[in-house]
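Here are some short exercises to work through with the model open in your viewer. Try each one before you read its solution.

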Amino acid sequence: MRNHINLLLLLLLVLVVAGCTHALQREPVAPPAPADARAESLPAPRSNLDTAVNVKPVAPMQAPAPAPAQAATPQGAAPQGAAPSEAETLAAGFSKGGCGACHIIPGVAGAAGTIGPDLSTMGETAAAALASGAYTGSATDVTSYIHEAIVEPDAFLSPGCPGGACPKGLMPATLSDALSDAELEAMVAYLTGLPAKAGEAPVEVAAPAAVAPELTDAEMADASQIFFDRCAGCHGTLRKGATGPALTPDVTLPKGTLALSSIIFNGTPRGMPDWGKQGVLTQVQTEMMAKFLQNEPPPPPEMSLTQMLDTWKVIVPLDQRPVAPQTTRDWEDYFAVTLRDAGQVAIIDGDTYEVVNTVNTGYAVHISRMSATGRYAYVIGRDGRASLIDLWMEKPDVVAEAKVCYDARSIDGSKYSGPEGDFSDKYAIVGCYWPPAFVMLDGLTLEPFKIVSTRSYTYDTEEYHPEPRVAAIVASHNKPEWIVNVKESGQVWLVNYTDPLAPTIKMLEAERFLHDGGWDASKRYFLVAANNANKIAVVDSLEGKMAALVDTPKIPHPGRGANWVDPEFGPVWTTSHLGEGSLVAIGTDPEGRPDAAWRVVRNIELPGAGSLFVKTHPNSDWIWVDFGLNPDEKIQRTVCVIAKANPTKTEKCWEIADYGRAVHFEYNKEGTEVWVSVWGRADVPDQVGEIVVYDDKTLEEVARIPNLVTPTGKFNVYNTVNDIY
Ligand code: DHE
């Protein structure tokens with residue numbers, strides 16, 4: 001339980017990180033602000049998922065005390081000339097530590113953080129830990145236990161962080177260096193006395209600065225760029241919060257520079273990446289970001305069709321492209337593999353595991369989708385650059401590209417062919433995070449031709465939202481429509497593209513924070529995670545209406561999910577979760593199995609939270625699941641399988657490498673082999689990443705495809721065209 005106090009004194013973060021001077025993994029880029037100037041150069045976020053807990057400020061805890069302790073100065077020190085009182089010393093200690101940003105500490109003003117353990121009953125918790133037999137430190141009583149927890153926090157890691165055990169290093173180890181002996185002693189005494197002491201007198205820690213710390217113009221530009229690259233994906237370009245909490249000054253000023261620095265450097269158990277520990281941000285950059293966050297966000301730029309057209313390039317015109325496949329390889333068994341930090345996609349032969357070509361795409365490239373015929377791969381970079389790869393070329397390559405947003409995550413083609421026309425490969429669509437919009441493009445040349453803004457009103461409270469971002473997009477097989485998920489307003493838009501310059505849009509009310517999702521096996525229903533609402537929204541694409549909202553455990557994250565037939569409940573679709581170690585199966589056959597439809601029929605326990613993706617194939621006996629964002633290094637690189645024949649527990653779990661994270665699965669065309677990415681680090685030689693291929697029947701490893709730079713998503717041509725998962 002030592003780490004119960006772990007995050008208490010975040011002040012010394014700076015000291016903790018003093019040895020870390022790794023630079024960002026890429027060259028610095030141009031500063032963001034002046035609107036139009038950014039059009040060409042602004043890269044988009046490359047951060048990991050941030051599912052950090054919401055740490056909204058709350059009113060100071062009230063204690064019915066007669067004599068409030070005197071407020072400390074902004075630095076937590078007593079007024080000059082006067083010896084500090086006991087209460088002032090205590091307040092100064094908590095103030096210096098910025099403890100309240102990470103812990104709930106009863107009686108301490110503003111201490112409502114939920115990143116570290118709740119310290120409400122610290123004295124009792126420490127006593128219980130000492131008596132439990134699990135304790136590994138050298139303390140002999142509650143007081144020495146709490147003292148040790150502050151000065152040597154990793155001596156015993158608390159199991160009490162929200163979301164599981166506290167990871168090593170979460171509480172800065174040199175934190176106590178910043179405290180005087182008297183401050184440390186006062187804090188230990190106070191915490192030892194909890195919960196009883198909470199009622200004695202409110203501890204008025206230093207009031208937050210009313211004015212944001214200043215940054216030079218150069219720092220402001222740098223910080224804006226880093227925010228855009230690393231943070232906007234989860235916190236929103238306008239910092240109003242989404243998957244991660246809001247970071248507007250009303251939220252950040254009360255935390256102060258030290259506490260914010262600690263969170264940025266160390267991350268949180270709920271998914272905020274540890275940018276400092278990863279070596280992505282230096283100490284100086286961490287502190288600069290903490291200051292930046294206390295300032296109002298600078299206004300981000302807009303983008304016009306003319307600006308998009310200026311970036312549009314047709315590298316190989318239509319009449320110069322092959323009229324038949326130029327390769328003898330089975331191009332339908334190609335995998336388009338995201339090499340995230342290289343900004344590239346590798347086209348790998350699913351039969352031979354050979355890398356057929358590696359092509360340059362957008363920055364921190366996110367996903368690929370195949371055109372209806374499978375001939376083309378559409379790829380989207382986080383910087384909003386869309387690339388079209390022709391898979392019929394002997395060496396598949398980019399034949400057209402266009403940058404249509406500053407920040408994007410989704411792309412798809414038009415897949416409908418039927419009575420209303422043949423739209424195969426005719427159009428493409430890109431979903432933008434910033435500016436909040438979707439853009440329609442020609443499917444064969446990527447010429448952008450229509451922008452539709454998603455700025456709108458939240459579905460439930462009908463309040464204007466300036467930044468409803470476009471999350472998952474899927475192309476319907478049944479209608480000439482795209483299903484466009486608008487995250488912050490909680491709407492699913494059914495966009496009919498038969499008259500693309502005048503598209504009709506049906507706006508369904510779903511749930512806020514729509515993120516990722518996929519089809520059920522019949523391809524009639526689309527299931528999408530409203531991740532921070534802990535729900536799966538089900539869209540009936542045939543009827544054009546919502547079919548259901550299904551409650552799930554914390555933060556469902558399906559990727560596209562996985563469809564299989566449960567021995568007891570019939571056809572189901574599966575998601576795992578970021579916030580809990582759980583995989584649920586939801587019944588998807590309202591006609592055949594109305595008893596199971598649109599409810600969680602299975603909730604299977606997993607070894608941990610932080611799961612990003614699941615996958616299966618109709619020919620497979622297994623459901624595969626990863627844990628890429630679990631804070632534990634071993635669990636991060638573990639995969640598990642669940643037997644479809646006995647879907648009550650994991651059948652087998654194993655580590656797939658001795659470095660990196662196991663992320664995302666894809667089957668080969670036949671459904672006999674499963675590819676798993678080892679997501680390494682571009683700056684660590686020999687550990688940049690690789691793909692491990694497993695025989696799906698025996699679960700034996702059959703190959704490794706080495707030296708791939710940070711591989712993440714993998715998209716088999718045949719399976720992606722046909723939405724097989
Ligand atoms: Fe993704 C899908 C958004 C971070 C790998 N990701 C998606 C989709 C969205 C999304 C909206 C659905 C696209 C679709 O189907 O049309 N992802 C975001 C973010 O906003 C977020 C949280 C933060 C960010 O800054 O980007 C984020 N994503 C990540 C990662 O950190 C991952 C693991 C590695 C990476 O690329 O940086 C990652 N996301 C993926 C993958 C898919 C994806 C592999 C496609 C899964 C599939 O099988 O379809």
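**Exercise 1. Is Phe513 buried, exposed or partly exposed, and where does its phi lie?**

Step 1. Phe513 has a relative accessible area of 22%. Buried means under 20% relative accessible area, exposed means over 50%, and partly exposed lies in between (1.4 Å probe, protein chains only). Phe513 therefore counts as partly exposed.

Step 2. Its phi is near 65 degrees, a positive value in a residue other than glycine. Most residues other than glycine have a negative phi, and most peptide bonds are trans.

Step 3. Phe513 sits in the loop between β20 (504-509) and β21 (514-519). Helices (H or I, at least four residues) and strands (E, at least two) are DSSP runs, numbered from the N terminus.

A word on the ground rules: this is a predicted model, in which local features need pLDDT of at least 70 and side-chain atom pairs count only at pLDDT 80 or more, while totals for chains, interfaces and linings use all residues. Residues are numbered from 1 along each chain as its sequence is written, and side-chain values use heavy atoms, with hydrogens and water left out.

**Exercise 2. Place Asp723 and classify its burial.**

Step 1. Asp723 belongs to the segment after α12 (717-721).

Step 2. Phi of Asp723 is near 50 degrees, again a positive value in a residue other than glycine.

Step 3. Asp723 is buried, because its relative accessibility is 11%.

**Exercise 3. Describe how α8 packs against α9.**

Step 1. Helix α8 (residues 256-266) and helix α9 (residues 283-293) pack at an angle of about 120 degrees, and their axes are 8 Å apart. Axes are lines fitted to C-alpha atoms, for helices over the stretch in contact, and angles run from 0 to 180 degrees between N-to-C directions.

Step 2. The angle makes α8 oblique to α9. Angles under 35 degrees count as roughly parallel, over 145 as roughly antiparallel, 65 to 115 as roughly perpendicular and the rest as oblique.

Step 3. On the α8 side, Thr257, Leu260, Ser261, Ile264 and Phe265 make the contact; on the α9 side, Thr286, Glu287, Met289, Ala290, Lys291 and Leu293 do. Contact means heavy atoms within 4.5 Å.

Step 4. Look at the surroundings of α8: 10 of its 11 residues are buried, so the helix is largely enclosed by the rest of the structure. Gly267, which follows α8, has a positive phi near 75 degrees.

**Exercise 4. Which protein atom binds the iron atom of the ligand, and what touches Thr338?**

Step 1. His366 (NE2), at 2.2 Å, is the only protein donor of the iron atom of the ligand. Donors are N, O and S atoms within 2.8 Å of the metal (3.2 Å for Na, K and Ca); water is not among the atoms, so sites may look incomplete.

Step 2. His366 lies in the loop between β4 (355-360) and β5 (367-370).

Step 3. Thr338, in strand β2 (residues 334-339), is buried, with a relative accessible area of 0%. Its contacts include His366, Ile367 and Phe715, not counting residues up to four places away in sequence.

**Exercise 5. Where are Pro195 and Pro435, and which bonds precede them?**

Step 1. The peptide bond from Leu194 to Pro195 is cis, with omega near 15 degrees. Pro195 is in the loop between α5 (181-192) and α6 (217-235).

Step 2. The bond from Trp434 to Pro435 is also cis, with omega near -15 degrees. Pro435 is in the loop between β12 (427-434) and β13 (437-442).
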